[in-house]
Amino acid sequence: LLFVIIGMTRINRHLKEQEVKFDEDEQTAQDYSIVIKNPPPNATDPDEWKAFFDTKFGPGVHVTCCTIARDNYRLVRALVRRREI
């Protein structure tokens, strides 16, 4: 019984390590995305946000693309539900 418990513990630890390793190898848009909650109502210009991020994070950071998506709660929920299927 002790052998089984130790074996299960080691397998569980190994699987968690492999999961972290796999996640670090897999790059997604989520790894490079920033979500701003409660932006000002008039902040709708992507170029203005891009300039803000370029100056805020310093010279070593490059903003490639900036997209504004507002009031899309229903769309996000639908995408999450679709992904869970």
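This section describes one helix, the cysteines and one salt bridge of a predicted model. Local features are reported only at pLDDT of at least 70 and side-chain atom pairs only at pLDDT 80 or more, while totals for chains, interfaces and linings use all residues. Residues are numbered from 1 along each chain as its sequence is written, and side-chain values use heavy atoms, with hydrogens and water left out.

Helices were assigned as DSSP runs of H or I with at least four residues, numbered from the N terminus. Helix H3 comprises 12 residues (residues 73-84), and its end C-alpha atoms lie 17 Å apart, which agrees with the 16 Å expected at 1.5 Å a residue, the expected span being 1.5 Å times one less than the number of residues. With buried defined as under 20% relative accessible area, exposed as over 50% and partly exposed as in between (1.4 Å probe, protein chains only), the number of buried residues in H3 is 0, so this helix lies largely in the open.

With a disulfide taken as a pair of cysteine sulfur atoms within 2.5 Å, the count is 0 disulfides. Cysteine 65 has as its nearest cysteine sulfur that of cysteine 66, at 7.1 Å, a distance too far for a bond. Cysteine 65 is exposed, at 60% relative accessible area, whereas cysteine 66 is buried, at 18%.

The count of salt bridges (a side-chain nitrogen of Lys or Arg within 4 Å of a carboxyl oxygen of Asp or Glu) is 1. The pair consists of aspartate 54 and lysine 50, with an N to O distance of 3.1 Å. Because these residues, aspartate 54 and lysine 50, are 4 residues apart in helix H2 (residues 46-56), they are separated by about one helical turn. Aspartate 54 is partly exposed, at 25% relative accessible area, and lysine 50 is likewise partly exposed, at 26%.

Note on methods: Helix = DSSP H or I, 4+ residues; strand = E, 2+ residues; numbered from the N terminus.
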